[in-house]
Amino acid sequence: MAEQQQVKPLAPAAFRDEEEALSTQLNLRKRRYVQCCGCISALSLILAVVVLVLFFTLFRIHDPKIKINSVTIQRLELINGSLRNDVNVTLLADVSVTNPNVATFKFSNSTTLIYYGGRVIGEAIHLQGQAKARRTLLRNVTVELDPEKIEAVPSFRSDLNSGAFSISSYSTISGRVKILKIVKKRVVVRLNCTTTYRISGRQFVGESCRPELDF
């Protein structure tokens with residue numbers, strides 16, 4: 001008697017459909033996961049590029065500039081070749097502070113020293129203030145010069161006879177620039193100027209200024 005051949009029963013059609021649907025669903029989820037990761041990576045890269053561009057352009061802190069536009073002297077009175085000691089000589093300076101940044105430059109009290117013959121003959125303190133974003137702040141600085149200190153300079157007589165005095169000024173402004181509470185930088189601006197005052201014309205000529213910056 002011939003052995004009957006055993007036939008393996010086929011899986012029901014409904015079960016096969018379930019397996020195919022599950023496989024399709026897994027592939028779809030995997031594809032969506034890959035697409036999501038790609039989108040996140042692309043957005044992160046774009047965000048990093050934008051931050052770098054802003055950091056090197058908009059958020060970059062530029063150097064504030066201080067400039068002396070004009071200087072005049074008042075109450076310089078000579079009597080018999082000498083200065084009147086009972087009247088202080090007044091030096092008036094028109095100073096501008098230019099802020100090229102997109103944020104306000106706030107500075108504390110600043111000072112200006114006036115030198116003649118290597119000696120300090122006057123000092124002024126300017127009150128704190130602020131230069132708005134991309135604006136120029138104008139200020140008038142008044143310095144009282146001591147006549148006794150001027151006459152004590154060894155070269156005073158010879159300068160008086162020549163009709164010209166070489167005067168130097170040293171100004172310092174210390175402040176801070178802060179952009180969106182993210183980028184902060186402390187800035188100290190210094191300005192050295194040398195000029196010649198001609199007695200006959202009562203004016204300053206040949207001004208030369210050299211700015212210095214500390215961060």
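**A charged patch and a disulfide**

Lys178 is partly exposed, its relative accessible area being 42%. In this predicted model, the residue is a good place to start our tour. Lys178 sits in strand β10, and it belongs to a positive surface patch together with Lys106, Arg176, Lys181, Lys184 and Arg186. Two elements each give two or more residues to this patch: β10, covering 164–179, and β11, covering 183–198.

Strand β11 also takes us to the cysteines. Cys193 and Cys209 form a disulfide, with 2.0 Å between their sulfur atoms. As a reminder, such a link is a covalent bond between the sulfur atoms of two cysteines. The link of Cys193 and Cys209 is right-handed, with 110 degrees about the S-S bond. It joins distant parts of the chain: Cys193 lies in strand β11 and Cys209 in strand β12 (residues 203–214), 16 residues apart. The two partners can also be described by their accessibility. Cys193 is buried, at a relative accessible area of 3%, whereas Cys209 is partly exposed at 35%.

How many disulfides does the count come to? The count is 1, and Cys36 and Cys37 show us a pair that stays unlinked. Cys36 is in no disulfide; the nearest cysteine sulfur belongs to Cys37 and is 5.8 Å away. Because a disulfide calls for sulfur atoms within 2.5 Å, the 5.8 Å between Cys37 and Cys36 is too far for a bond. As for accessibility, Cys36 is partly exposed with a relative accessible area of 42%, and Cys37 is partly exposed with 30%.

How values were computed
Residues numbered from 1 in each chain as written. Predicted model: local features only at pLDDT ≥ 70, side-chain atom pairs only at ≥ 80, totals over all residues. Heavy atoms only, no water. Patch = residues over 30% accessible without salt bridge, like charges linked within 9 Å, V, L, I, M, F, W, Y side chains within 5 Å. Areas by Shrake-Rupley, 256 points an atom, 1.4 Å probe, with all protein chains shown as cover. Salt bridge = Lys/Arg side-chain N within 4 Å of Asp/Glu carboxyl O. Lys, Arg positive; Asp, Glu negative; His and termini not counted. Charge placed at Lys NZ, Arg CZ, Asp CG, Glu CD. Helix = DSSP H or I, 4+ residues; strand = E, 2+ residues; numbered from the N terminus. Buried < 20%, exposed > 50% of the residue type's maximum accessible area, 1.4 Å probe, protein only.
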